[in-house]
Amino acid sequence: MTPKFIARILGSAWLWHLSRLLITFMYWYAGLGFAMNFTGTEAIMASLGIQPVWLVSLLTIAVELIGSILILSDRAVWLGAGMLGVFTLLTIPLTHHFWTMSGPEAAQAMIESEEHVTVLGGLVGIAILSYVRQQLRAAKNGK
């Protein structure tokens, strides 16, 4: 049984806002940084061999910012989480290809890939929670 004071915290609006801010932090922070230094973003994409550099740079910024905005605004959280989830999964074969590396470089890329899979779980969780909150709100309002 969950203690009442914990239940109040878990059901609070501020914690729901904070959770969405935290789950999207690495995306909106990177997206803003990439947008403010587009030339640097293109250099990163070029160093990874991803082409066309300008398009991939724009898409990266758009996905990171739009996906974050959807989650942060509590609108179409499923779509924002899906966008960021697909993006996160794609980074593994595009930038963390540990199977082509050896030694400490391979270990670091493997750890980063594992972290990406964990973040994907958080994105799925936030989408589920958003859906459940909507269902509870609708039931409370008699819809």
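In which loop is proline 52 found? In this predicted model, proline 52 lies in the loop between α3 (38-48) and α4. The peptide bond that joins glutamine 51 to proline 52 is cis, with omega at about -10°.

The chain as a whole contains six helices and zero strands, arranged along the sequence in the pattern α-α-α-α-α-α. Along the principal axes, its C-alpha atoms fill a box of roughly 55 × 30 × 20 Å. Of the 143 residues in the chain, 28% are buried. Among contacts between residues at least 6 apart in sequence, 57% join residues at least 24 apart. The exposed surface of the chain amounts to about 9,100 Å², of which carbon and sulfur atoms supply 72%. The chain carries 8 positive and 7 negative charges, and the mean positions of the two sets are 32 Å apart.

Helix α5 was examined in further detail. This helix comprises 19 residues (residues 77-95), which at 1.5 Å a residue should span 27 Å; the end C-alpha atoms are 26 Å apart, in agreement with that expectation. The buried residues of α5 are Val77, Gly80, Ala81, Leu84, Gly85, Phe87, Thr88, Thr91 and Ile92. Viewed down the helix axis, these buried residues fall within an arc of 165°, and they therefore line one face of α5. Trp78 and Val86, on the other side of α5, are exposed. The cover over the buried residues of α5 includes α2 (13-36), α4 (53-72) and α6 (103-140).

Threonine 88 illustrates the buried face at the level of a single residue. This threonine is placed in helix α5 and has a relative accessible area of 2%; threonine 88 is classed as buried because this value is under the 20% cut-off. When residues up to four places away in sequence are not counted, threonine 88 touches Tyr27, His116 and Leu123.

The loop between α4 and α5 contains two residues with notable backbone angles. Aspartate 74, placed in this loop, has a phi near 60°, a positive value in a residue other than glycine. Alanine 76 is found in the loop between α4 and α5 as well, and its phi is likewise positive, at about 50°, although alanine 76 is not a glycine. With a relative accessible area of 27%, alanine 76 is partly exposed, since this value falls between the 20% limit for buried residues and the 50% limit for exposed ones.

Note on methods. Residues are numbered from 1 along each chain as its sequence is written. This is a predicted model: local features need pLDDT of at least 70, side-chain atom pairs count only at pLDDT 80 or more; totals for chains, interfaces and linings use all residues. Side-chain values use heavy atoms; hydrogens and water are left out. Helices (H or I, at least four residues) and strands (E, at least two) are DSSP runs, numbered from the N terminus. Buried means under 20% relative accessible area, exposed over 50%, partly exposed in between (1.4 Å probe, protein chains only). Contact means heavy atoms within 4.5 Å. Accessible areas come from the Shrake-Rupley method with a 1.4 Å probe; for residues, only the protein chains shown count as cover. Lys and Arg count as positive and Asp and Glu as negative; His and the chain ends are not counted. The place of a charge is taken as NZ of Lys, CZ of Arg, CG of Asp or CD of Glu. The expected span of a helix is 1.5 Å times one less than its number of residues. The arc is that of the directions from the helix axis to the C-beta atoms.
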